[in-house]
Amino acid sequence: MVLAIDIGNSVTTVGLFTAEGELRFRATFSTGRGATRDQRAIDLTQIFQLYGADWGDVTGSIISSVVPPATTALRGAVEL
């Protein structure tokens, strides 16, 4: 599965796609420019739990962003 993340000025959108390109889930949370890597890891973990997804199934990720400080924290969270 592929984790797609779009970091906007106000909202960050996260989607998980199957190998066939089907959207497994889509979720949003506040971008929060001051969030740390650990805070973003918690956000992602909770979203995965909410939708019954498994981090072990993620084979790749892509991040699109217009907020460089938020990108650094979220990238670190994904790499954990």
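Which residue in E2 is the bridge partner of Leu-3? I looked this up before anything else, and in E2 the partner turned out to be Leu-16.

**Before going on.** I noted that the model is predicted, that local features need pLDDT of at least 70 and side-chain atom pairs pLDDT 80 or more, while totals for chains, interfaces and linings use all residues. I also noted that residues are numbered from 1 along each chain as its sequence is written, and that side-chain values use heavy atoms, with hydrogens and water left out.

**Strand E1.** I followed E1 (residues 2-7) and found a covered face of Leu-3, Ile-5 and Ile-7, and an uncovered face of Val-2, Ala-4 and Asp-6; strands, like helices, are DSSP runs numbered from the N terminus, with at least two residues for a strand (E) and at least four for a helix (H or I). In a regular strand the side chains alternate between the two faces of the sheet. I then saw that E1 pairs with E2 (residues 11-17) in the antiparallel sense over 6 bridges, where pairing requires that DSSP finds at least two bridges between the strands. The two form a hairpin, with 3 residues between E1 and E2. E1 is also joined to E4 by 6 bridges, and these strands run parallel, with Val-2 standing opposite Gly-60 in E4.

**A nonpolar patch.** I found Val-2 again in a nonpolar surface patch of about 330 Å², together with Phe-17, Leu-23 and Ile-62; such patches take residues with over 30% relative accessible area and no salt bridge, joining nonpolar side chains (Val, Leu, Ile, Met, Phe, Trp, Tyr) within 5 Å and like charges within 9 Å. Accessible areas come from the Shrake-Rupley method with a 1.4 Å probe, and for residues only the protein chains shown count as cover. Ile-62 lies in strand E4 (residues 60-65) and is exposed at 52% relative accessible area, where exposed means over 50%, buried under 20% and partly exposed in between.

**Salt bridges.** I counted 3 salt bridges, each a side-chain nitrogen of Lys or Arg within 4 Å of a carboxyl oxygen of Asp or Glu.

- Arg-40 pairs with Asp-43, their closest N and O atoms being 2.3 Å apart; the two are 3 residues apart in helix H1 (residues 37-50), so about one helical turn separates them. Arg-40 is buried, at 8% relative accessibility.
- Arg-75 pairs with Glu-79 at 3.0 Å between the closest N and O atoms, and both are in helix H2 (residues 68-79).
- Asp-38 pairs with Arg-37 at 3.6 Å between the closest N and O atoms; Asp-38 is partly exposed at 45%, and Arg-37 is partly exposed at 40%.

Definitions and conventions
Buried < 20%, exposed > 50% of the residue type's maximum accessible area, 1.4 Å probe, protein only.
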